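Visitor: I'd like to go through some of the labels people put on a structure and hear the reasoning behind them. Can we take them one at a time?

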Amino acid sequence: MSKFGPFTVSKPTSPEDMKLIQYVFDSSLNGSEIVVQCKNYYLTRGELRSLRPRTWLDDNVLSTMSDAVTLVKKKMKYPVNWYLPISFAENTDDPRKCISFAEKHRIKENYMSDLLCCEKVFVPVFDEEINHFFLYVLQLKKKVVEIWDSFAASSQSDWGGRRLHNLLVSLDALFKDDIDQKYQNVWSFKDFRMERPSNVPQQPNGYDCGVYVIKFMVAPEEVTNPDFVFNSDNERLEVALRLPASDVNSCSDDLASKAEAYCEQRFGNCENLS
């Protein structure tokens with residue numbers, strides 16, 4: 001194990017990664033500086049610093065990750081999976097509200113593609129009653145909604161059941177024209193069967209649920225492997241490096257230059273970083 005900024009990790013790291021982490025996690029620097037700028041969401045230093053160990057994750061990190069993954073997938077000609085921002089689920093308690101929100105924020109244009117080609121929809125959710133993040137995974141070909149929850153008891157509440165029902169009804173309203181044209185009105189989101197996969201890893205603490213949701217979205221096959229072991233610092237560091245260094249972050253080049261100058265001024269050379 002080695003120290004890497006605020007993280008204690010087992011994975012090897014490069015000098016460039018160390019410089020970036022030292023710069024973006026320095027609490028003495030401007031917390032409102034934008035360090036990740038995607039198409040629809042951005043992250044400030046203060047928000048990204050919610051990835052430091054044993055810290056509750058800012059929900060904007062989740063939405064920015066959805067934005068970043070979507071941009072990467074859309075570089076492929078036909079993205080088959082959709083990754084929605086957490087604000088989408090927050091606006092599905094009423095179909096009219098959902099349609100209004102989706103139109104205002106161009107949700108279909110920014111995060112979705114042809115309904116007929118879609119295989120999975122990843123919908124992060126925040127349970128406001130118990131302050132907890134979990135994930136809906138809609139499998140369109142199977143007509144199944146899987147609940148991926150690192151604290152499984154939470155999504156079995158009455159609130160969780162209502163939220164899922166409202167989400168499915170809202171999706172039917174949002175895609176009414178597509179369903180009428182392509183499925184002749186014999187297919188419906190609200191008919192999806194609910195499942196709770198038994199192999200979803202469970203969190204051992206009260207602060208990692210948001211990090212689990214990100215891992216569930218970006219690496220579902222890895223986390224359901226029987227040999228998978230969740231290491232909080234490793235996973236938080238992975239996200240903290242992935243977002244700022246991504247080629248869909250329009251700030252990445254400028255951020256790397258700032259990190260280089262910052263470390264040169266503060267430490268002299270990368271051997272002095274710790």
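Visitor: Why is Arg236 called buried?

Guide: This is a predicted model, and in it Arg236 has a relative accessible area of 0%. Buried means under 20%, so Arg236 qualifies.

Visitor: What makes Arg236 and Asp208 a salt bridge?

Guide: Their side chains meet at 2.8 Å, N to O. The cut-off is within 4 Å, so the pair counts as a salt bridge. Arg236 sits in helix α11 and Asp208 in the loop between β9 (193-195) and α9, so the bridge ties together parts that are 28 residues apart in sequence. Asp208 is buried too, with a relative accessible area of 0%.

Visitor: Why are α9 and α11 called roughly perpendicular?

Guide: The axes of α9 (residues 209-218) and α11 (residues 232-245) cross at roughly 65 degrees. The roughly perpendicular class runs from 65 to 115, and the two helices are therefore put there. Their axes come within 10 Å, and α9 passes α11 in a left-handed crossing.

Visitor: Which residues make that contact?

Guide: On the α9 side you have Val211, Ile214, Lys215 and Val218; α11 brings Glu235, Arg236, Glu238, Val239 and Arg242. Sorted by type, that's four nonpolar, no polar and five charged.

Visitor: How do you know that Lys182 and Asp114 link distant parts of the chain?

Guide: Look at where they sit: Lys182 is in helix α8 (residues 176-183), while Asp114 is in the loop between α6 (107-111) and β6 (120-127), 68 residues apart. Their side chains meet in a salt bridge at 2.6 Å, N to O.

Visitor: Are those two buried, exposed or something in between, and why?

Guide: Lys182 has 30% relative accessibility and Asp114 has a relative accessible area of 33%. Partly exposed covers what lies between under 20% and over 50%, so both residues get that label.

Visitor: What makes Asp254 and Lys258 a pair within one helix?

Guide: Both lie in α12 (residues 252-267), four residues apart, which is about one turn of the helix. Their side chains meet at 3.4 Å, N to O, and with a limit of 4 Å that counts as a salt bridge. Asp254 is partly exposed at 44% relative accessibility, and Lys258 is partly exposed at 34%. Salt bridges that share partners join Glu33, Arg45, Asp254 and Lys258 into one network.

Visitor: How many salt bridges does the structure hold?

Guide: The count is 15.

Key
Residues are numbered from 1 along each chain as its sequence is written. This is a predicted model: local features need pLDDT of at least 70, side-chain atom pairs count only at pLDDT 80 or more; totals for chains, interfaces and linings use all residues. Side-chain values use heavy atoms; hydrogens and water are left out. Axes are lines fitted to C-alpha atoms, for helices over the stretch in contact, and angles run from 0 to 180 degrees between N-to-C directions. Angles under 35 degrees count as roughly parallel, over 145 as roughly antiparallel, 65 to 115 as roughly perpendicular and the rest as oblique. A crossing is left-handed if the near helix is turned anticlockwise from the far one by less than a right angle, and right-handed if clockwise. Contact means heavy atoms within 4.5 Å. Ala, Val, Leu, Ile, Met, Phe, Trp, Tyr, Cys and Pro count as nonpolar, Asp, Glu, Lys and Arg as charged, and the others, Gly among them, as polar. Buried means under 20% relative accessible area, exposed over 50%, partly exposed in between (1.4 Å probe, protein chains only).
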